[in-house]
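Me: I'm new to reading structures and would like a close look at a single part of this one. Please pick a part where pairing matters, explain it step by step, and then link it to what surrounds it.

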Amino acid sequence: MPQIDEIIHQPVRLKIMAALLASGADAEVEFTFLRGRLGCTDGNLGSHLDKLTSARYVCARKAFVGRKPVTYLSATRTGRRAFEDHVTALQDIIRPPDASNGQL
Amino acid sequence: MDVTPQEAKDLLGQTDTVAALMRNHSLYRRIGPTLILWGIIWLVCFPLTALLPTQSGWIWLIGDAIGFTGSAFSMRRSNTSVRCKSPNVVRSRVLWFWAIFLAYGCYWMYLFAPAGSARAVVFIVTLVMFAYVAIGLLARMTFMIWLGTGVTLLAMIGFGLFQNQPHVLNVWMGVTGGLTLLATGIFLTVRAR
């Protein structure tokens, strides 16, 4: 049975994972774009991303667009699985007990 | 870790909101400029076909070539903040789909609708709009379903009014269909900002 993942459970980190995974299985999202969409500050987003990258849930790639340095973020396979398990665990919590075990 | 049902519900709600925001942004940024381009092509090519009916083949060959090249370019450029690691695969699939679909459409038009007739105009427009609605249903893009249905209705109304005047029907399709595509494209592009 999937368990609550303490790393992903923090609301900002949950939103980061949701945003990265909703962009597509093969997608990577620019740091500044993600910051704007989630309404975070640089520092706040950076610290949460550190936690997610340490857990190998998110991968950060630095690149140059023209002369401008850009950081692209993508969810790893481990991150995807952890997020899906976490969402299932949350759904199990809100599901009435009858629905999960089929008993009256 | 103790999580109350209300907390779980709120978190899932936030997750859904963020996911929808990202999906829509990505879609709108890709599709908006393409619709603007095709709206302009319709606005130019349909009335030109009415003015120069004998040159309609050339007019649409050039219009479609500009449309396809521009769509490929716009799909490539619009993807700066959310990038696909294998964009060429996706882009070429989309372009191949439309190229094959239009090739079939041209052949069916040759079989069923005489060139230059009002029937031919409405046939090709409704065929393309059928693709919009089908893509909208398969990819869960509500705006594509509305756009496809709306332009199909405009084509049907135009056919009802001007079926004996193909040149007027061409102008009707250029203005109503072209402006609808253009307005939708502008709306999506602004929403994606």
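Reply: Let's start with one term: two strands pair if DSSP finds at least two bridges between them. Keep in mind that what you are looking at is a predicted model.

The part I have picked is the set of strands in chain A. Chain A has six helices and three strands, and from the N terminus on its elements follow the order α-α-β-α-α-β-β-α-α. Strand 1 of chain A covers residues 27-30, strand 3 of chain A covers residues 68-75, and the two run antiparallel with two bridges joining them. One residue to find here is Glu30(A), whose bridge partner in strand 3 of chain A is Tyr72(A).

Now turn to strand 2 of chain A, residues 58-65, which is also antiparallel to strand 3 of chain A and is joined to it by eight bridges. Val58(A) has Ala75(A) as its bridge partner in strand 3 of chain A. How many residues lie between strand 2 and strand 3 of chain A in their hairpin? There are two residues between these strands, and Gly66(A), in the turn, has a positive phi of about 70°. While you follow the strands, remember a general point: in a regular strand the side chains alternate between the two faces of the sheet.

Step back a little along the chain and you reach Arg56(A), in the loop between helix 4 (42-54) and strand 2 of chain A. Arg56(A) also has a positive phi, about 60°, although it is not a glycine. Is Arg56(A) buried or exposed? With 12 other C-beta atoms within 10 Å, Arg56(A) is exposed.

For a contrast, look at Ile16(A), which sits in helix 2 (residues 11-22) of chain A. A residue is buried if 20 or more other C-beta atoms lie within 10 Å of its own. Ile16(A) has 29 C-beta neighbours inside 10 Å, so it counts as buried. Which residues does Ile16(A) contact, leaving aside its neighbours within four places in sequence? They are Leu34(A), Leu38(A), His48(A), Leu49(A) and Leu52(A). You can also find Arg37(A), 21 residues from Ile16(A) along the chain, with a separation of 9.8 Å between their C-alpha atoms.

Those residues belong to a wider picture of chain A. Of its 104 residues, 32% count as buried. Among the contacts in chain A with a separation of 6 or more, 55% are between residues 24 or more positions apart. The C-alpha trace of chain A spans about 65 × 25 × 20 Å along its principal axes.

Next comes the partner chain. Chain B touches chain A through 22 of its residues, which are in contact with 25 residues of chain A. On the chain B side, helix 1 (5-51) and strand 1 (82-84) of chain B are the elements that give two or more residues. The largest share, 13 residues, comes from helix 1 of chain B. Sorted by class, this side of chain B has twelve nonpolar, six polar and four charged residues.

As for its own make-up, chain B has six helices and one strand, in the order α-α-β-α-α-α-α from the N terminus on. Of the 193 residues in chain B, 30% are buried.

Finally, see how some of those helices pack. Two packed helices are described by the angle between their axes and the distance between the axes. Helix 4 (residues 118-138) and helix 5 (residues 142-162) of chain B have axes that come within 7 Å and cross at roughly 165°. Angles over 145 degrees count as roughly antiparallel, and helix 4 and helix 5 of chain B are therefore roughly antiparallel to each other. Their crossing is left-handed, and the residues in their contact include Val122(B) and Met129(B) of helix 4 and Leu147(B) and Val151(B) of helix 5 of chain B. By class, the contact residues are 15 nonpolar, six polar and no charged.

Helix 4 of chain B also packs with helix 6 (residues 166-191) of chain B, at an angle of about 25° and with their axes 8 Å apart. These two helices of chain B are therefore roughly parallel to each other. Among the residues making this contact are Val121(B) of helix 4 and Leu169(B) of helix 6 of chain B.

Terms used
Residues numbered from 1 in each chain as written. Chains lettered and ligands numbered in written order. Predicted model: local features only at pLDDT ≥ 70, side-chain atom pairs only at ≥ 80, totals over all residues. Contact = placed C-beta atoms within 7 Å. Helix = DSSP H or I, 4+ residues; strand = E, 2+ residues; numbered from the N terminus. Nonpolar A, V, L, I, M, F, W, Y, C, P; charged D, E, K, R; others polar. Axes fitted to C-alpha atoms, helices over the stretch in contact; angles between N-to-C directions. Parallel < 35°, antiparallel > 145°, perpendicular 65-115°, else oblique. Left-handed = near helix turned anticlockwise from the far one by under 90°.
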